[in-house]
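Here is a quick walk through a structure you may not have met before. Have a look at it first, and then we'll go over a few spots one by one.

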Amino acid sequence: MAVTIAKVYAPGEVERKWYARWLEKNLFTADPRSDKPPFSMVIPPPNITGSLHLGHALNNTLQDIMARFKRMQGYNVLWLPGIDHAGIATQNVVERRLKEEGMSRDALGREKFVERVWKWKEESEGTIINQLKRLGASCDWTRLKFTLDSTLSMAVREVFVRLYKEGLVYRGDYIINFCPRCSTALSDLEVEHAEKDSLLYHIEYPVKGGGSIVVATTRPETMLGDTAVAVNPRDSRYKAFAGKAVELPLVKREIPIIEDAAVDMEFGTGAVKITPAHDFNDFETARKHGLPCLKVMDLNARMNENAGAYAGLTREEARNRITEDLKKEGLLKKEEKYRLLLGVCYRCGTTVEPTLSKQWFVKVGPLAKPAIEAVEEGSIRFVPKSWEKTYFEWMGNIRDWCISRQIWWGHRIPAWYCEDCGRVTVETRDPSRCEACGSEKIAQDPDVLDTWFSSALWPFSTLGWPEETVEGGVFYPTSALFTSFDIIFFWVARMIMMGLKFKGDAPFRDVYIHALIRDAAGQKMSKSKGNVIDPLVMMEKYGTDALRFTLASFAAQGRDIKLAEERIEGYRNFANKLWNLARFALMNIEGAPLSPAAPEKLTRADKWIMTRLSSAIEEVSSSIDNYEFDTAAKAVYSFIWHELCDWYVELIKPDLRGERGGERKTFVEGLLINVIKDTLKLLHPFMPFITEEIYSYLPGVAAGIMEAGLPGPAGGYPEDADGMEVVMEVIRAVRNIRTEMNIPPGAALDCTAFTKNASLTGILREEEANIKNLARLRELRVSGAGERPKQAAFAVTRGIEVFVPLKGHVDIEKETLRITRELEKLSSEISDVDKKLGNRDFTANAPSAIVEKERGRLSLLMEKKVKLEAGAERIRGLR
RNA sequence: GGGCGGAUAGCUCAGUUGGGAGAGCGCAGCCCUUACAAGGCUGAGGUCACAGGUUCGAUCCCUGUUCCGCCUACCA
């Protein structure tokens, strides 16, 4: 009743089938009342606008490996999925769609617009969720969360209000980054810096009472808002001007010349114009010197009424007009080429405008302190540890966080302004009257909160906080967070601050920072470069398991991943190899009952593979526990391909053919199936689909592989395993001779092995059949001493001399060359070790174990050398 | 300006308390051996970027240099 399965593994259907079954059986659902130890993770929520890219694929593959692994280890696993509302990004997408319809959000109005976004959310959120399912992600979908869910919104309000009452959230006029295209304020983090070629303009400002001062600026259009000119007090060039005033050209306004040590005398002309309402530095300077602020642009980056004749122009137009006008007046002294760093919006790339504006802020200092300590004390651990430094760096210099956004999609700020007394009321529940004067004429702040404000609460808002929930008790703090380094500041740091503040405990124990994926040439993947590898296409083409395994294999800590399609193809081949291993096993078993463990019936080969399996299990387990997914993947790969398939299966083929008796056949069938079963379990977290599929075909399995426990390390039989390694080396030696001497693989050879070691002699005699089989020998003699065969090629391994007589067909030249080369290698090795042992400093200072090891090595090498030389001598005699 | 990371086989990368340099892919030769040609067997290939230092001993620790990459920053 041998089972036959297809010759080539076809992933597509298998994957869909199994994912559906896992869901049906609720295998991903966590039980907060379970008595198993908890293991929890929250997913980094993808944007609702998102579509699965390789970054998601890597992030979620690694999480899924961890989740599945822990589940099989007997943990009560909660992997909580969710989606982020992604304020600006989503609003942009919907606005673009409106524009295509000839509509605009302003024309539509806030309420209708938000309705429209919700509708779009309903349509599009399925996309990325289905893609995560396609990837095999074993998230607990019954607990899927969305950052705008009512419970999560409640958490946002609660946090905002509590911070406000403690004075950690405040509202004030400060200079902030404003994106004129998205028409909203941004936090410092949401501004990216791009180098751009520009000009440095030298403009002459006439000084009242005679003379003039030339300032250098990259932004001539903001001169309309200048409220001072600053020079360094140590600058002798301008000493005479200090305290005087200049007349601002074009607008003819009088502004003072002030002294400030922060002015760099070397740069430009050493004189700088101060525009407090449109420059971060100048804003600080103005505060220091008590200068007024004058806004000359509105939020759309158009010049406003304060710009006089230039009102209504865009900032670009204004720059042109102003430089022209200055030129006409002979006040533009110089334009030099200059490369500057420009702040651009991280969502749309538009140049941001620093603008004085009334916004809400979080006072971060008091929150940052415990967050720094938590990492210092080790209650939160970054993996790899090197990221802690990055974290400290940023947290140590953190500035207040601008959290209000002038958009409509997001959590509305729970603040109401009173029309009568002007006071603000901040409450978790919508108030009906002003808390100060009781007036009912109150209106809610139109702004919404930074999306990252709600993301910061993710690890506990998703568990039901501020309600006390069972989940919150069991699964908080979460065990690990998986993310990439680019959002350590945006997200990780803020989660730590909020978790500590509101839960009194870190949101997670481990922060695993994984790689960023680049293309094969090391370039960041981007649609415009056309070098994007689409994970969905790869999954269709090579199978999800192949993609997952590739990502895991390349997930070395602290390094970016350069991915090429050929890699995925390679691991597709691995999947097929595994498939054929199963195919072979199923073709050969007669459906016999599984043999119980019977150590006395185990052959050396059996013990070897069991030992290797056990050590693979150990290595995979410890690697995963240390987030070394690449090491784990390589260990299981190498075991399956190079030990189980290359050696064990080849070793037992005669048994399975019944050549060594019916009892042995039955026994080895059972053993092979057991080994495959455990191997599949070990591989399952990496390749969930193919392992589940194969597992289902194996005899004697009741439940699915997901429900099976992971085998524990069994220890094995190290001595027998080592004996088997000797056998393998002898086989390799014969194979090598065959290849080197150009003997066809099929030609039958004889072999004589000489060793004085009784235990080796025993092993070789016992394994005669296996050696003959795999080295393709007609005869194998094992001898302690005696005449070495003439006309024979030979090799030395583990002190065993392996002779392969070639009956007058030995190519003497070739064999001489082969032995000579071998001897050369050996000699250089010997001289290295010799030199080391000859060094008295070494023998005196090195640990005795090391010295002994070197001595042992030397004697082995010497022994081998003697034997090789004797062989070379014999061959010379043949000439 | 400050900080971090990297430089090991043709390519991509491992190398975890300093003690015999590894893998995958690629390449070369031979093989359609009834699991798999998406395969098997065998093999070639490396002054571990450079220069110093510590040490009996350095790919590994320290210093400096060169070249890449990234993060961060208020020289307008």
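Before anything else, keep in mind that this is a predicted model.

**Around the RNA**

Let's begin with RNA strand B. The protein puts 56 residues around RNA strand B, and those that come nearest are N281, R559, R572, N580 and W641. Of the strand's atoms that come within 4 Å of the protein, sugar and phosphate make up 61%.

What sort of residues form this surface? Sorted by class, the surface near RNA strand B has 23 charged, 20 nonpolar and 13 polar residues. Several elements each supply at least two residues to it, including the strands β8 (212–217) and β13 (332–345) and the helices α19, α22 (718–740) and α27 (848–878). The element that gives the most is α17, with 10 residues; this helix covers 565–588.

A few side chains have an N or O atom close enough to RNA strand B to be worth listing:

| Side chain | Atom of RNA strand B | Distance |
|---|---|---|
| K577 | base nitrogen | 2.8 Å |
| H642 | phosphate oxygen | 3.2 Å |
| E650 | base nitrogen | 3.3 Å |

**A helix with a bend**

Helix α19 deserves a stop of its own. It runs over residues 629–656, which is 28 residues in total. A straight helix of that kind would reach 40 Å at 1.5 Å a residue, but the end C-alpha atoms of α19 are only 35 Å apart. Where does α19 bend? Look at L644: there α19 bends by about 45°.

Much of this helix is tucked away, too. Of the 28 residues of α19, 20 are buried, so the helix is largely enclosed by the rest of the structure. Just after α19 you'll find G658, which takes a positive phi of about 85°.

**Three buried residues**

Now for some single residues, starting with T451. You'll find T451 in helix α11, which spans residues 451–455. Is T451 buried or exposed? Its relative accessibility is 12%, so T451 counts as buried. Its side chain reaches the backbone nitrogen of G87 at 2.9 Å. Not counting residues up to four places away in sequence, T451 touches D84, H85, A86, G87 and I88, so G87 turns up both in that list and as the partner of the side chain, with T451 counted as buried.

Next comes I442, which sits in strand β20 (residues 442–444). With a relative accessible area of 17%, I442 is buried. Which residues does I442 contact, leaving aside its neighbours within four places in sequence? They are W416, Y417, C418, P431, S432, R433 and C434. As for V424, it is 18 residues from I442 in sequence, and the two C-alpha atoms are 8.7 Å apart in space.

Last is E204, part of strand β7 (residues 191–206). E204 is buried as well, with a relative accessible area of 17%. Its side chain makes a polar contact with the side chain of S212, at 3.1 Å. Once neighbours within four places in sequence are set aside, E204 is in contact with S212, I213, V214, P249, L331 and K333. Among these, S212 is the one whose side chain makes the polar contact just mentioned.

Technical notes: Residues are numbered from 1 along each chain as its sequence is written. Chains are lettered from A and ligands numbered from 1 in the order in which they are written. This is a predicted model: local features need pLDDT of at least 70, side-chain atom pairs count only at pLDDT 80 or more; totals for chains, interfaces and linings use all residues. Side-chain values use heavy atoms; hydrogens and water are left out. Helices (H or I, at least four residues) and strands (E, at least two) are DSSP runs, numbered from the N terminus. Buried means under 20% relative accessible area, exposed over 50%, partly exposed in between (1.4 Å probe, protein chains only). A polar contact is a pair of N or O atoms within 3.5 Å; within protein, one must be able to donate a hydrogen and the other to accept it, and residues adjacent in sequence count only if both atoms are side-chain atoms. Contact means heavy atoms within 4.5 Å. The expected span of a helix is 1.5 Å times one less than its number of residues. The bend at a residue is the angle between axes fitted to the seven residues ending there and the seven starting there. A residue is near a molecule or strand if one of its heavy atoms lies within 4 Å of it. Ala, Val, Leu, Ile, Met, Phe, Trp, Tyr, Cys and Pro count as nonpolar, Asp, Glu, Lys and Arg as charged, and the others, Gly among them, as polar.
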